[in-house]
Amino acid sequence: MDSRSTLFQEQGYLVLPGFKSAQAMQALRDRAAQIIDAFDADAHRTIFTTNEQQRQVDAYFMGSADTIRCFFEEEAFDAQGRLRQDKALSINKIGHAMHDLDPVFAAFSHGPELAEVAGAVGLAEPLVWQSMYIFKQPGIGGEVRWHQDASFFDTVPQTVTTFWFALEDADRGNGCLWVEPGGHRGPLRERFVVQGAGATIEPLDATPWPETGTAVPLEVAAGTLVVFHGLLPHYSAANRSPRSRHAYTLHATDARARYSPRNWLQRGPGLPARGFR
Ligand code: FE2
């Protein structure tokens, strides 16, 4: 068996340095900057945070499955509701269908190299549901508490796999990923499901989240691809440094598994999820 497959099965993640070129990363960065530039900050003040037990989820978020929307950092505004800093330094993320709708993002998100890695980690028929450009802004980049991505993409059997691209060097100073090696063998602790017009977190298992002692920081250079299992617990701290920590993520499931109708992200017939090729 491929050594990457073995490693992925044992530790629940793979770190692949040098996966993306400086040129490809710059193109994505430039395109993200253009999207923010065109974004009307005053019209949309939805804040994205996973800190709250019950996430603030509104129609703006729920309607972002098949479009391209910008979400603010939680700490972007002052007490009067004004941006504390420039709009370009206030956005938490862009989501969730750039990989299908935007030519620059689509080029970054597809190709034989990605399809090959997907195959090596067990996705025989990948379907890429979601893309996110995550900024982790200097000074105000929010913490993302411990979670498992399978909470958001429930399939039977569990197949969701995360493709996390470092667009800048990520280290403990600017809020890199932390993971629990082998933690993907533990249970799914909670599930994020549609409820009425919004969504809610359904507790499933009381297994505690990893302690600092058992978690490891993934300090990686720009261009690195980190692939991780949907049950792998992961976390990233707030970014209080003067440096940003841009990353781009894709979430894929296997078409052979049953995709839950209770997942918040659904695609209609006009924009079906497709693979990496
Ligand atoms: Fe995650």
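These exercises walk through the strands, helices, a pocket and some backbone details of a predicted model.

Residues are numbered from 1 along each chain as its sequence is written. Local features need pLDDT of at least 70, side-chain atom pairs count only at pLDDT 80 or more, totals for chains, interfaces and linings use all residues, and side-chain values rest on heavy atoms, with hydrogens and water left out.

**Exercise 1. Trace the sheet of seven strands and find its edge strands.**

Step 1. Fix the terms. Helices (H or I, at least four residues) and strands (E, at least two) are DSSP runs, numbered from the N terminus. Two strands pair if DSSP finds at least two bridges between them.

Step 2. Read the order. It is β1-β12-β7-β14-β4-β3-β2, an open sheet with antiparallel pairing.

Step 3. Go to the edges. β1 (13-16) and β2 (68-72) each pair on one side only.

Step 4. Check the twist. Neighbouring strands are turned by 20 degrees on average, direction ignored. Axes are lines fitted to C-alpha atoms, for helices over the stretch in contact, and angles run from 0 to 180 degrees between N-to-C directions.

Step 5. Zoom in on β2. Five bridges join β2 to β3 (residues 91-96). Phe-71 has Lys-93 as its bridge partner in β3.

**Exercise 2. Place helices α1 and α6 on the strands.**

Step 1. Take α1 (residues 3-11). This helix lies across β1, β7 (161-166) and β12 (225-229), at about 130 degrees to β1. Contact here means heavy atoms within 4.5 Å.

Step 2. Take α6 (residues 112-120). α6 lies across β1, β4 (126-134), β7, β12 and β14 (247-254). Its angle to β7 is about 135 degrees.

**Exercise 3. Describe the second largest pocket and its lining.**

Step 1. Define it. On a 1 Å grid over the protein atoms alone, a pocket is an open set of points where a 1.4 Å probe fits, with protein on both sides within 12 Å along at least five of seven lines; lining residues have an atom within 4 Å of a point.

Step 2. Give the volume, the space filled by probe spheres set on the points. It is about 220 Å³.

Step 3. List the lining. There are 16 residues, and the closest to the centre are Val-121, Gly-122, Leu-123, Gln-158 and Thr-159. α1 gives the most, with three residues.

**Exercise 4. Classify the ring pair of Phe-105 and Tyr-133.**

Step 1. State the rule. Rings of Phe, Tyr and Trp (its six-membered ring) pair if their centres lie within 6.5 Å; planes under 30 degrees apart count as stacked, over 60 as edge-to-face and the rest as tilted. The model holds 17 aromatic pairs by this rule.

Step 2. Apply it. The centres of Phe-105 and Tyr-133 are 6.3 Å apart and the planes are at 75 degrees, so the pair is edge-to-face.

Step 3. Locate the partners. Phe-105 sits in α5 (residues 103-109) and Tyr-133 in β4, 28 residues apart.

**Exercise 5. Find the cis peptide bonds at His-96 and Pro-157, and the positive phi at Lys-136.**

Step 1. Gly-95 to His-96 is cis, with omega near 5 degrees. His-96 is in strand β3.

Step 2. Val-156 to Pro-157 is also cis, with omega near -5 degrees. Pro-157 is in the loop between β6 (155-156) and β7.

Step 3. Lys-136 is not a glycine, yet its phi is positive, about 40 degrees. Lys-136 lies in the loop between β4 and β5.
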